[in-house]
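Good morning. I will talk about charged side chains that pair up, and then about a sheet. Please have a look at the structure first.

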Amino acid sequence: MTGWTGAAVIALLVAAFLGKVIGGFILGIAGVLAGIWVLFALFTFYFFRDPDPMVPTGKNLVIAPGHGKVDAIDTTTEPDFMGGECQRVSIFLSVIDIHVQNAPVTARVAYFKHTPGQYLNALNADSARFNENVLIGLESMEPPGEKVGVRLIAGLIARRIVPWVQANDPVQRGERISLIQFGSRVDVYLSRNAKIKVKLGDKVIGGETVIASFE
């Protein structure tokens with residue numbers, strides 16, 4: 001009887017020890033998972049931040065539709081809406097930039113086209129030739145009749161473009177018009193009448209930075 005009692009006591013002590021070790025391990029894992037969840041939640045709130053822009057009030061201005069870095073200013077051909085040769089300002093959005101886009105001018109959405117494609121790295125300024133994209137054609141109200149094209153381009157990580165406008169919708173300068181999730185690119189097409197106000201390497205703020213004006 002004494003032997004069985006001693007064995008039972010030892011078994012209880014071993015069970016208690018194992019319970020303490022396993023419990024501590026589980027609490028440690030739970031703490032790590034909770035920490036990861038908090039970091040993920042904070043990153044999500046940061047990534048989807050959407051501050052109200054300080055929209056400039058001057059006449060005939062074109063403001064940046066996206067937040068990011070100007071890495072291409074050139075002349076290109078956009079046949080679908082611009083009807084041929086035009087100027088292009090291309091803005092790269094890194095994964096840490098704000099990913100809501102704003103209307104560059106007060107206008108009517110005169111053209112809307114979604115083009116399926118690949119998801120190549122949007123660091124390439126010519127990624128619109130291959131990647132999924134949405135072209136929004138704006139017919140300006142100031143000055144009347146000027147065309148401004150905004151092309152939303154998916155990237156390697158950005159695989160979802162969420163437009164908030166459609167054909168014939170009116171938009172105000174600075175109004176939110178779309179969301180591209182994660183790193184991506186926005187091209188702005190302007191007529192030869194527009195005078196570019198930014199240079200390569202400039203950081204622009206969507207809804208705020210003046211990138212061009214109509215003379």
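Let me start with one residue, Arg173. Its relative accessible area is 14%, and the cut-off for buried is under 20%, so Arg173 counts as buried. Keep in mind that this is a predicted model.

What does Arg173 form a salt bridge with? The partner is Glu142, and the closest N and O atoms of the two are 3.2 Å apart. Arg173 sits in the loop between β9 (170-171) and β10, while Glu142 sits in the loop between β6 (133-141) and β7, so this pair ties together parts that lie 31 residues apart in sequence. Glu142 has a relative accessible area of 30%, which makes it partly exposed.

As background, side chains of opposite charge can pair when their charged atoms come close.

How many salt bridges does the structure hold? The count is 10. I will go through some others.

Next is Asp52, which forms a salt bridge with Arg176, with 2.7 Å between the closest N and O atoms. Asp52 belongs to the loop between α1 (2-47) and β1 (61-63), and Arg176 belongs to strand β10 (residues 176-180), so the pair ties together parts that are 124 residues apart in sequence. Is Asp52 buried or exposed? With a relative accessibility of 61%, Asp52 counts as exposed. Arg176, at 27%, counts as partly exposed.

Now Arg151 and Glu78. Their side chains meet in a salt bridge, at 3.5 Å from N to O. This pair links distant parts of the chain: Arg151 is in strand β7 (residues 144-153) and Glu78 is in strand β2 (residues 68-78), 73 residues apart. Arg151 has 11% relative accessibility and counts as buried. Glu78 has 2% and also counts as buried.

There is also a network of salt bridges, which links Asp74, Arg88 and Asp187.

That brings me to the sheet. It is an open sheet of 8 strands with antiparallel pairing, and the order is β9-β5-β6-β7-β11-β3-β2-β13. Which strands stand at the edges? They are β9 and β13 (203-204); each has a single partner strand, so one side of each is left without a neighbour in the sheet.

Further in, strand β5 (residues 107-115) runs antiparallel to β6, and 8 bridges join the two. Here you can find Thr115, which stands opposite Asn133 in β6.

To go back to where we began: Arg173 is buried, and its salt bridge partner is Glu142. That is the end of my part.

Terms used:
Residues numbered from 1 in each chain as written. Predicted model: local features only at pLDDT ≥ 70, side-chain atom pairs only at ≥ 80, totals over all residues. Heavy atoms only, no water. Salt bridge = Lys/Arg side-chain N within 4 Å of Asp/Glu carboxyl O. Helix = DSSP H or I, 4+ residues; strand = E, 2+ residues; numbered from the N terminus. Buried < 20%, exposed > 50% of the residue type's maximum accessible area, 1.4 Å probe, protein only. Pairing = 2+ DSSP bridges.
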